[in-house]
There are 2 protein chains.
Amino acid sequence: MITGKNHIGNQLSSQGNITFTTINPELNAENEYSFVQATEEEVNQAINLAEEAFHSYKNYSGKRKADFLRAIADEIEALGDDLINTYCSETGLPEGRAAGERGRTVFQLRSFADLVEEGSWVEACIDTGIPDRTPVAKPDLRKMNIPLGPVVVFGASNFPLAYSTAGGDTAAALASGCPVIVKSHPMHAGTGELIASAIIKAVEKTGMPKGVFSNVNSKDYAVGQQLVSHPKIKAVGFTGSIKGGRALLDIAAKREEPIPVFAEMGSVNPVVVLPKALKNRGKTIAQTFAGSITLGAGQFCTNPGLILGVAGEGLSGFIEELGSKIKGINPSCMLHPNIYEAYKKGKSEAISQNKVTVIADLDADLKINYGSQAVAVVSGKTFIENSTLHHEVFGPFSIVIQCETTNELEQIIENLEGQLTGTIISDDNEISEYPSLVAKMQNRVGRLIFNGVPTGVEVCPSMVHGGPYPASTDSRFTAVGINSIKRWVRPFSFQNWPNELLPDELKDENPLGITRLVNGQLNQF
Amino acid sequence: MITGKNHIGNQLSSQGNITFTTINPELNAENEYSFVQATEEEVNQAINLAEEAFHSYKNYSGKRKADFLRAIADEIEALGDDLINTYCSETGLPEGRAAGERGRTVFQLRSFADLVEEGSWVEACIDTGIPDRTPVAKPDLRKMNIPLGPVVVFGASNFPLAYSTAGGDTAAALASGCPVIVKSHPMHAGTGELIASAIIKAVEKTGMPKGVFSNVNSKDYAVGQQLVSHPKIKAVGFTGSIKGGRALLDIAAKREEPIPVFAEMGSVNPVVVLPKALKNRGKTIAQTFAGSITLGAGQFCTNPGLILGVAGEGLSGFIEELGSKIKGINPSCMLHPNIYEAYKKGKSEAISQNKVTVIADLDADLKINYGSQAVAVVSGKTFIENSTLHHEVFGPFSIVIQCETTNELEQIIENLEGQLTGTIISDDNEISEYPSLVAKMQNRVGRLIFNGVPTGVEVCPSMVHGGPYPASTDSRFTAVGINSIKRWVRPFSFQNWPNELLPDELKDENPLGITRLVNGQLNQF
């Protein structure tokens, strides 16, 4: 049941008087529930509870944390159709997507449960002492990862489940031993509250400390600013716009104690189609990318916003086919009116620039909030000279760049801002003729894709979802996959510590049987 | 031979007209050489060379980088007495310390050589594809660590070798595949130039790209600011004061593309002596800490600046003995007049506070630049109320806090700023009676020491040299040990990439035989 209240630890609370509603973009109408923004006092309560909870929760065994994470997954599934219906009414996304994203979310939670139950993720490392070493004794040193402290997670508008309330950031932080306060996304506050209620049920069923999780509503920036500024908050996770992520990064950097902000932000995800591929199968590739550009109304951070090729017959054929295929796809409803308006504005700004040719734009009599996909074409020179064309247009829009030469193409890649992904479409072994292009692309991205589309972010240990700024604020970490847990931990050493007082992960007898680096050798004994 | 010039890549260069000298603190006189500060243009040259070098150097095999690192170590050893004499004349430190630090420096270089030659440090991770998975194919994903780009390293005043020109930051960055520009410490610019010349010899002997290393002189902040602000610089390493580290962090945070700054800064390294230990062997402990406080004139970032105990007979006896032992130790020369002056000022500010009792202060007729060790005693209440007493006094000085109760002691620990280390001195199993104290200490430090002294930072994989701010700017990394290489790398994924074009680390056949996580299993095949 949706109450519109905040979850301050295990308590529902609505002390404030600022309220807001979510919007059903399909109907372009407000949904029935009204949400109460958290007050400064409620936010402080949540922070104090999180800090208290940290002192016990950080020491919970992997097994206990795993039980908690699995209980969250179970409770999310138990929400059944209520969750799916609320999700759809707050996003305009279809049921299939809702169910799929729920599946991804519970998979993530269970993956982290498996990870912490097994236990080797702490990267335990032991160097035993040599008391009689000369000139000085070698101490016994034992290291493992420990949690940073209370973490704030900002829900993402485009993934109300997988990157929001109980999404990847929350799952990784809770798995690491960090309490989490979610700043719920105002555009899917109902979905957020349902998930929060599932988490709180799991907290109660598995006996977790109250305050290990809170969920606060807000329609304006004050709540987020208060959270990120508070001395008891030790890290921040965010998925969203460059403007939003940078604002949080700047607040965190100005604190007396600066804290890490892991923000996954904008990306245009460049795609290079090599000449032979264009010539031999340009039309098939065009068809594939028409699908990738419009998937989910283009509302993915890995949406291909830039397609580059060297001008010629092959590229012209590709462009023609891409335009025609794009026009043939049914537009989809966008997440909410603000995103729809931003998309319209961004697209119109891009296509109204000088020397931009529009080859497809469905700006006809579409339903309101439906994103009309479009593709524009520019020359390499035009792109280089006009930085407006470099901005991400969040939605089903892509720019094809007709480069005069491979050199020009490389120059464009080399000077791009940091990206989540880069894609190279190659025929047979054609790619091996372009080592310098590949090297330049690698330097600008977090993930390099061969003959595929950037949309689709597989949840697995080898995934990197992140990249040079502004793809993310710290390219040294990924936001997806089990290694994303490393964002929320720090290494910690015990020196000459009594064996019986060490955490199990570091005891001589290795009671957990985890993989450890002992005197330089990996083993499980 | 010392020329006073900058190493811009492999070239000696001295375009500027700002010059400075180093000082022999034992003689309180200028050394003979004059150093030329790098000009803006020279700094830009070094940066451009580093960026060019990066494009080839990042792809060099572990074997080639290992040869380079070992050649640096060999060339440093080949400097022989020239290095030791210059070191001593620029620091006032004794020959034994110079030789010891040189040993540590070449050990670090060779450890990183071994690490990258073996190769598993890249944390290779492979998830093979499942093309026929439904509803969508599972892609083949392969991840490894790759270098960030050109790194700037600021030499530390208190470790002219091990934390400076070819110290831990430089060794780790070069090992990772990042070119390095060192901003030489002005107080040991001669030592820095000798080491730089050794590195350049190694560059030439092993055929490394020019620009993989540069060394620039400066006496003011402009050079450092220019380096950290430059868009081609991708990360920064620093060891020094909180003021200096924070200034660099702030510059980096304000860049259009913010970059990571790993600064290892101040610490008072709290030591708690538990009651039974005080009672049973307070005098022995006092003797040990008199040595630790005065070691190297207290010029270690892990120097014990704060000793806490609960008031009583035991603590009084400890204080008396500590005072007497401290007085009996011969003072040492400090690194340079600025540090000497800062120490005198910091110490006199601390001991002139209200309700501070000085139990030892050798401020008699000492030689100039000799740090006169001192110990002061305050009550817990006085310490809590007076934040001036919380500041690090860099040098042979420590404050003993007489707490009224264990609760008060815990309260002080809980509210300390972040620290590199915390130490607990316990008799037998006494420590097991203080779980809450241990937990609070753990929350504030990077390394917890049992019955030992914080001075002495063992170089091994289990070492954490870092901690919550302001001990370091990013507690998620260590500055010492092979894992310090992680500061300079980012994870990178290849998706469906052709096997023959993958780096060796990720090829099916694992030609390097490194340990990899393949479909969730660690193996070497």
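How do strand 21 of chain A and strand 22 of chain B pair, and over how many bridges? In this predicted model, strand 21 (residues 489-495) of chain A runs parallel to strand 22 of chain B, with three bridges between them. One of the residues involved is Gln495(A), whose bridge partner in strand 22 of chain B is Ile449(B). Ile449(B) also looks the other way, into its own chain: Thr423(B) stands opposite Ile449(B). That second contact belongs to the pairing of strand 21 (residues 419-425) of chain B with strand 22 (residues 445-450) of chain B, again in the parallel sense, this time over five bridges.

Zooming out, these strands sit in an open sheet of 12 strands with mixed pairing. Its order reads 23(A)-22(A)-5(A)-6(A)-21(A)-22(B)-21(B)-14(B)-15(B)-20(B)-19(B)-17(B), so to speak a walk from chain A into chain B. At the two edges are strand 23 (521-523) of chain A and strand 17 (357-361) of chain B, each pairing on one side only. From one strand to its neighbour the direction turns by 20 degrees on average, direction ignored. Helix 10 (residues 313-327) of chain B packs on this sheet. Strands touched by helix 10 of chain B are strand 14 (270-273), strand 15 (306-310), strand 17, strand 19 (374-379) and strand 20 (397-403) of chain B, and the helix makes about 35 degrees with the direction of strand 17 of chain B.

The contact between the chains draws on 54 residues from chain B and 54 residues from chain A. On the chain B side, at least two residues each come from strand 7 (125-127), strand 8 (141-147), helix 8 (242-254), helix 14 (435-444), strand 22 and strand 23 (489-495). Strand 23 of chain B gives the largest share of that side, with seven residues. By residue class, the side of chain B that touches chain A splits into 28 nonpolar, 16 polar and 10 charged.

Now for the helices of chain B. Helix 2 (residues 62-78) of chain B packs against helix 4 of chain B at about 170 degrees, their axes 8 Å apart. Angles over 145 degrees count as roughly antiparallel, and helix 2 of chain B is therefore roughly antiparallel to helix 4 of chain B. The crossing of this pair is left-handed. Among the residues making the contact are Leu69(B), Ile72(B), Ala73(B) and Ile76(B) of helix 2 of chain B, along with Leu109(B), Phe112(B) and Val116(B) of helix 4 of chain B. Overall, the contact counts 10 nonpolar, two polar and seven charged residues.

Helix 4 (residues 95-118) of chain B also meets helix 5 (residues 168-176) of chain B, where the axes come within 9 Å and cross at roughly 20 degrees. These two helices are therefore roughly parallel to each other, and their crossing is right-handed. Gln108(B), Leu109(B), Phe112(B), Leu115(B) and Val116(B) of helix 4 of chain B meet Gly168(B), Ala171(B), Ala172(B) and Ala175(B) of helix 5 of chain B. Seven of the residues in this contact are nonpolar, two are polar and none is charged.

Back in chain A, the domain assignment gives domain 1 (7-17 + 31-265 + 475-488) and domain 2 (270-450). The centres of the two domains, taken over C-alpha atoms, are separated by 34 Å. Domain 1 of chain A puts eight residues into the contact and domain 2 of chain A puts in 12 residues. On the domain 1 side, these divide into one nonpolar, five polar and two charged.

Methods:
Residues numbered from 1 in each chain as written. Chains lettered and ligands numbered in written order. Predicted model: local features only at pLDDT ≥ 70, side-chain atom pairs only at ≥ 80, totals over all residues. Axes fitted to C-alpha atoms, helices over the stretch in contact; angles between N-to-C directions. Helix = DSSP H or I, 4+ residues; strand = E, 2+ residues; numbered from the N terminus. Parallel < 35°, antiparallel > 145°, perpendicular 65-115°, else oblique. Left-handed = near helix turned anticlockwise from the far one by under 90°. Contact = placed C-beta atoms within 7 Å. Nonpolar A, V, L, I, M, F, W, Y, C, P; charged D, E, K, R; others polar. Pairing = 2+ DSSP bridges. Domains from an automatic or database assignment.
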